[in-house]
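Here's a quick tour of a protein chain, from the overall picture down to a couple of helices. Have a look at the model first, then read on.

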Amino acid sequence: MTPTLRLGTIAGVRVGMHWSVLGILIVLVVGLGYASWPRVLPGYPAYAYAVAALVAAVLFLASLLAHELAHAVVARRNGIGVEGITLWLLGGVARLRGETRSPGADLRIAGVGPLMSVLVGAGFGLVAWLCATVDAPSLVSIVPAYLAVINGVLAAFNLIPAAPLDGGRILRAALWAWRGDRTRAAVWSARAGRGLGLALVFLGAWRLLFDGAGNGLWWILIGLFIASMAGAEERQAELAPHSPAVRVRDVMTPGPDTADGDATVSAFLHDVALVRRHSAFPLLDEHGRLQGLITLNRLKSVPAEWRDTTRLADVACPPVDVPLAEPDEPLSDLLQRLGGCTDGRALVFSDGELAGIVSPSDISRMVTLRGIGAGRQGTGADLTGEPYVPPGRRM
């Protein structure tokens, strides 16, 4: 999830917001300020409800940020790098670099998020109690009371034992500690997530079709997101056993074709894209500095009438969002950082110079070759049966 607006750095972690976070603000302001609170607490002017709902929405985003910051801080203390935090439509995402090395670290990183939500909820509950003690206006008191409840709900929901929720991470840590197999633990946690996602989709559809509840759409959206993320985690977990001994240099395409970020989209499509027929191009300036990564998907988003005046650098994935790797880095660590605006690609730098590019097809090819035993004598499922004998040489 690539941030649209960067908010700065907190505790050494970069924080940003995706444009879809406006959805949370709109839902809360409309739902609370124009639908719920005027009915529950009548007698206030319309603008007062709107202001109270906006304050509640902003503080709820701050609560989500505190939840993700807790994950990020504990991850760094356990030796896991953190690329940043992004708030978006369905909450927040802490982007971690690499995998935990022990079930205990996995448990600590996962469990601290719901714990932080409980603490934040308790803090808002204390504020609500103080407001009631001093006879504050009911519209003032309802804001911290609502935030106390919603943070408690957030903590409880996140503890459901299904990936990608925190409870799924806790389940993974428990299965890992019990069976000693991180891969199988991750697969089962992801499958639980797929089941939860499908259940939420069916629940949302039921409410939408038979109860006429508008929030059924929200449940469907959450369910689709959870099922999609869980499926991706399952595929990644199944890929992990193929990659521990594989270095980035083993799968990268060396010496990738590059382009100038100052070139127009029209000129690039005519002079470069149609000739070289690659699907992604690193953008370098005249000094060899990275300007971004342009993909065919991002080029398609530029309307035809704008292509003569739009520079590649204006539509490329910006440098800060391009996953970078070193040739000798384990591929398993890089897998955690792929995705976002680069469509699963990463650039490889050695001594400050571009050395290669890693694409999904490179990784798929590696998995295929490992699966048939290429590069690893006597391994691979296809090598356990009878050996292949060319026609004409049958005994």
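## The chain as a whole

Of the 395 residues in the protein chain, 44% count as buried. Keep in mind that this is a predicted model. The secondary structure adds up to 13 helices and ten strands.

As for contacts, take those between residues at least 6 apart in sequence: 62% of them join residues at least 24 apart. The accessible surface of the chain is about 20800 Å², and carbon and sulfur atoms account for 62% of that area.

## Helix H5 and what follows

Helix H5 covers residues 166-179, and its length checks out: at 1.5 Å a residue, its 14 residues should span 20 Å, and the end C-alpha atoms are indeed 20 Å apart. Several H5 residues are buried, among them Asp166, Arg169, Arg172 and Trp176. Gly167, Gly168, Ala173 and Leu175 are buried in H5 too.

Just past the end of H5 comes glycine 180, with a positive phi of about 75 degrees.

## A nonpolar patch on the surface

Which residues form a nonpolar patch on the surface? They're Trp206, Leu208, Leu209, Phe210 and Leu217, and together they have about 590 Å² of accessible area. Helix H6 (residues 182-211) is the biggest giver here, putting in four residues.

Leucine 217 sits in helix H7, which runs over residues 216-239. Is leucine 217 buried or exposed? Its relative accessible area is 54%, and the cut-off for exposed is over 50%, so leucine 217 counts as exposed.

Key: Residues numbered from 1 in each chain as written. Predicted model: local features only at pLDDT ≥ 70, side-chain atom pairs only at ≥ 80, totals over all residues. Heavy atoms only, no water. Helix = DSSP H or I, 4+ residues; strand = E, 2+ residues; numbered from the N terminus. Expected span 1.5 Å × (residues − 1). Buried < 20%, exposed > 50% of the residue type's maximum accessible area, 1.4 Å probe, protein only. Patch = residues over 30% accessible without salt bridge, like charges linked within 9 Å, V, L, I, M, F, W, Y side chains within 5 Å. Areas by Shrake-Rupley, 256 points an atom, 1.4 Å probe, with all protein chains shown as cover. Salt bridge = Lys/Arg side-chain N within 4 Å of Asp/Glu carboxyl O. Contact = heavy atoms within 4.5 Å.
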